[in-house]
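Reader: I am a first-year student, and I would like a close look at one part of this model. Please take one chain and walk me through it step by step.

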Amino acid sequence: MSEEVIKAEGLTKVFNKNLTAVDHVNFSVKQGEIFGFLGPNGAGKTTTINMLITILKPTEGKASVLGFDIAKQDYNVRNVIGLVPQEYTADEDLTGLENILLCADLYGIPRHIAKERAMDLLKLVELTDFKDKKVQIYSGGMRRRLELACGLINRPKVLFLDEPTLGLDVQTRAATWDYIKKLKKEYGMTLFMTTHYLEEADALCDRVAIIDHGKILVVGTPEDLKHSLGGDIITLRIKEDPDVSELIRTVEHVKEVKNEDGSYRIKAEYGEVTAPFIIETLRRKGYTVTKLSMTEPTLNEVYLEYTGKSMRDAEESREAFRAQRITMRRARGG
Amino acid sequence: MSKLNEYRASRLHGIWALTNRELKKWYKAPVIFFLSIIQPIIWMGLLGKAMNIGAIFTGTSFTLPQLDPPLTLPQLQQLGDYFAGLQTNIMTSAFNTTDYFSFMAVGMIAFTALFTTMFSGMSVVWDRRLGFLNKALSTPVSRAVIIFSKVLSATLRSMFQAGLIIVLAIAFGLQFGANFNPLNILGVFAIMFLVCVGLSSLFIAITIRSTRMETPMAVMNLINLPMMFASNAFFPTKFMPDWLQTIARYNPLTYTTDAVRQLLIFNTDYTQLALDFTYVGIFAVIVATIGIVLSWRFLSK
C-alpha cells in the first residue's frame, strides 16, 4: 500500500457549467494522519468530500483513495471508506442500535458480526444506555456520536468527517474531539475532515489545507502555518489621523504593517520586546497610542493572511444554516 | 489495524434493509398506522354511502303524483315492481352492478395506490435534505437498490392498504360478483403491484431532483386529482364528454380499477381482464424503466 492514502490531482467540479465549486486542487493525505480542509461555507470543502466519497463525479482531474480511482473504481472506494456526514442522518423513528445495524446492512455485514461491532462502538461513544431509545430523544452531541459510530461500522481505512461538530456548543464540541481521537486511536485509520472552526483544525488536524473559492491556498501543519507568519501580531490604534505605517516600519524587527481603517496590524518578531519600541518611536514623533494588543499567531491569523478575511463572515452564515436545519427538523417532527 | 471490508455482498444487498427502514417508520408509528386505517373508512363512508345513487330510484325517495282515478292496489304493486326493475336496469347498465357502494369501494383501491405512492415519493425529499441519501450513496449499496427499495416500500404499503380496503368494504356490505372466487383477491394484489411499481417510480423520478417539498407537491397535485377523476374510479367513463373519455382511456387507473372490479364485483369478462392486465403491465414496465433510469442518472452525476 502506498504511503499516500488519498491523492488528488487537478480535481475540479463545475456545477451547471458555470459554477466552479472546486478548482484544480492538488493534495495528498498520508497514512494515519488527520488531514483537515479549513475554509468558510461555500469554499468547496463538502464538494471535495463528495467527490472523494464517490457521490459526485469530478468534472476534471482525478483522485484516488487507497489507490482506487474515485471515478473508475468507485465500488472499491465505497467499501474501504466511512462517512460521518454534516447532517444528522440517523433516523429519528428508529433506535440508536437500529440505526447502526441499518448502516451495517448497507455494507452487507452479517447480523451477528454487526451486533458485536455495534455494541463495541456504542460503548466507545458512551451510548450503550441509550441504544434502545429512539433517536428523537437524543441530544445534538449524542446524535453526533451515533453518526461517528455508524461511520465506523465497516471498520473503514479512511474516515471522512464533514464538519463533525457543526452546530454543537463549545463543551460538546470539545467532547466530540475527544471521541474522534479515541476512535482514531482504537481503529488506527486515516481521517479526512472539513471544518470551518479554526480551533477544531488546530486541536485535531495533523495537517491543514486552507481552501477558499475552490482553491487550496496553503497546506501545512498548524504549527508550520503559524510560524510561517513570521512572528507575533501587534494591533494598535493612535489618537491622530495621519498614516504612520512607514514610521512603524522603521522599527527594528517589524516585518509588515497594514493599516485597516486606522487600526494598524503589525507583524513583528519578538513582539513583547518590539511593542515598547514602537510606542516609543511613535511618541517621539508626537503620536499617542490609544490601544495596543498583541497576539501570538493562531490559525485565525493564518487564515486572515491567506484569505484576506476573518472567519467571522463564515460564522454568520453558519448561524443561518443552523436555524434552517432546526426549522427543517421541526417541520419533519410535526 | 482494521482489515479491508471483507463482506463483498451481492449487488442486491441492502434492499431489504432500506425497504424495511421505510416500512418501520410506518408500522412502528401508531398514529400514522391508525390514520392509514381510518382514512379509507372515512372516504368510503363519505363517498360510497353519502352518494347513494341507487337510492335515487327507490320508491321512498320520491312520491308519485296522485292520479284520477286513483290506482288500484295491484296497479301500485305493478308500478313499484316496474320502478324496482328500472333501478336494477339503470344501475346495471351504468355501473355494471346494482350497488354503487361496491362500485365506489373498488375505486378507493386505485385512489389509495395513487396517494400512498405519492407520499412515499415525498420521503425521497427528506432523505436528500437530511443527508441520509448521501450517506447511503457513500456505502457499497448500488444506486439501483436505493431506488428499488423506495419503490418496493411504497408498493408493499399500497398493497397492504388495498387489502385493508377490501376487508373494510366487505364489512360495509360489498357485493361480490356472481362468479367471484376467493383466489381473485390474488389478482387484485397482482394488479396493485404493477400499478404501484409504475406510479412510485414516476413519483420518485419527480421528487429525487428536489430538495424542497413545495415543488414536487405542486407537480403531484397537478397530476393526482385529474388522474383520479379522469378515470372510472368513482363514475363510469361512458357518461363523460368525449374528450374526457379519451383521457380516461389512456389513464392506467381506469384499467386498474376495471381489473379490480372484474375480479371482485362484476361478472368477470376475461377478455377485458386480460386487456387491463396487459395495459397496466406495459405502463408499469415503461414508466418504471424511465423513472429508474432518470433517478439512477441523477444519482450518478
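Author: Here is a walk through chain B, from its overall outline to its helix pairs, one loop residue and its partner chain.

This is a predicted model, in which local features need pLDDT of at least 70, side-chain atom pairs count only at pLDDT 80 or more, and totals for chains, interfaces and linings use all residues. Residues are numbered from 1 along each chain as its sequence is written, while chains are lettered from A and ligands numbered from 1 in the order in which they are written.

Start with the outline. Chain B has 11 helices and zero strands. Helices and strands here are DSSP runs, numbered from the N terminus: H or I over at least four residues for a helix, E over at least two for a strand. Written along the sequence, the pattern of chain B is α-α-α-α-α-α-α-α-α-α-α. Its C-alpha trace spans about 105 × 40 × 35 Å along the principal axes.

Next, the domains. Their bounds come from an automatic or database domain assignment. In chain B, domain 1 takes in 15–51 + 97–299, and domain 2 takes in 53–95. The C-alpha centres of these two domains of chain B lie 40 Å apart.

How much of chain B is buried? Of its 301 residues, 39% are. The term has cut-offs: a residue is buried if 20 or more other C-beta atoms lie within 10 Å of its own, exposed if 12 or fewer, and partly exposed in between, with C-beta atoms placed from the backbone.

Contacts come next. Two residues are in contact if their C-beta atoms, placed from the backbone, lie within 7 Å. Take the contacts in chain B between residues at least 6 apart in sequence: 83% of them join residues at least 24 apart.

Now for helix pairs. Two packed helices are described by the angle between their axes and the distance between the axes. The axes are lines fitted to C-alpha atoms, for helices over the stretch in contact, and angles run from 0 to 180 degrees between N-to-C directions.

The pair to begin with joins α4 (residues 100–129) and α8 (residues 214–229) of chain B, which pack at an angle of about 170 degrees with axes 11 Å apart. So α4(B) is roughly antiparallel to α8(B). The labels work like this: under 35 degrees is roughly parallel, over 145 roughly antiparallel, 65 to 115 roughly perpendicular, and the rest oblique. From α4(B) come B:F111, B:L114, B:M118, B:G121, B:M122 and B:V125; they meet B:P216, B:M220, B:N224, B:M227 and B:M228 in α8(B). This contact holds nine nonpolar residues, two polar and no charged. Ala, Val, Leu, Ile, Met, Phe, Trp, Tyr, Cys and Pro count as nonpolar, Asp, Glu, Lys and Arg as charged, and the others, Gly among them, as polar.

Another pair joins α7 (residues 184–207) and α10 (residues 252–264) of chain B, again at about 170 degrees, with axes 9 Å apart. That makes α7(B) roughly antiparallel to α10(B). Here B:N184, B:G187, B:V188, B:I191, B:V195 and B:G198 of α7(B) meet B:P252, B:T256, B:A259, B:V260, B:L263 and B:L264 of α10(B). The split is eight nonpolar, four polar and no charged.

Follow the chain past α10. B:T268 sits in the loop between α10 and α11 (270–299) of chain B. B:T268 counts as partly exposed because it has 19 C-beta neighbours inside 10 Å. B:T268 and B:N179 are 89 residues apart in sequence, yet 7.0 Å apart in space, C-alpha to C-alpha. Leaving aside neighbours within four places in sequence, B:T268 is in contact with B:G177, B:N179, B:Q262, B:L263 and B:L273. One of these, B:L263, also takes part in the contact of α10(B) with α7(B).

Last, look across to chain A. The contact between the chains takes 29 residues from chain B and 33 from chain A. On the side of chain A that touches chain B, α2(A) gives the most, with four residues. That side divides into 17 nonpolar, seven polar and nine charged residues.

Finally, the largest nonpolar core has 147 residues, and those with the most contacts inside it include A:L52, A:V65 and A:I100. The helix α4(B) gives the most to this core, with 15 residues. A nonpolar core is a set of buried Ala, Val, Leu, Ile, Met, Phe, Trp, Tyr and Cys residues joined through C-beta atoms within 7 Å.
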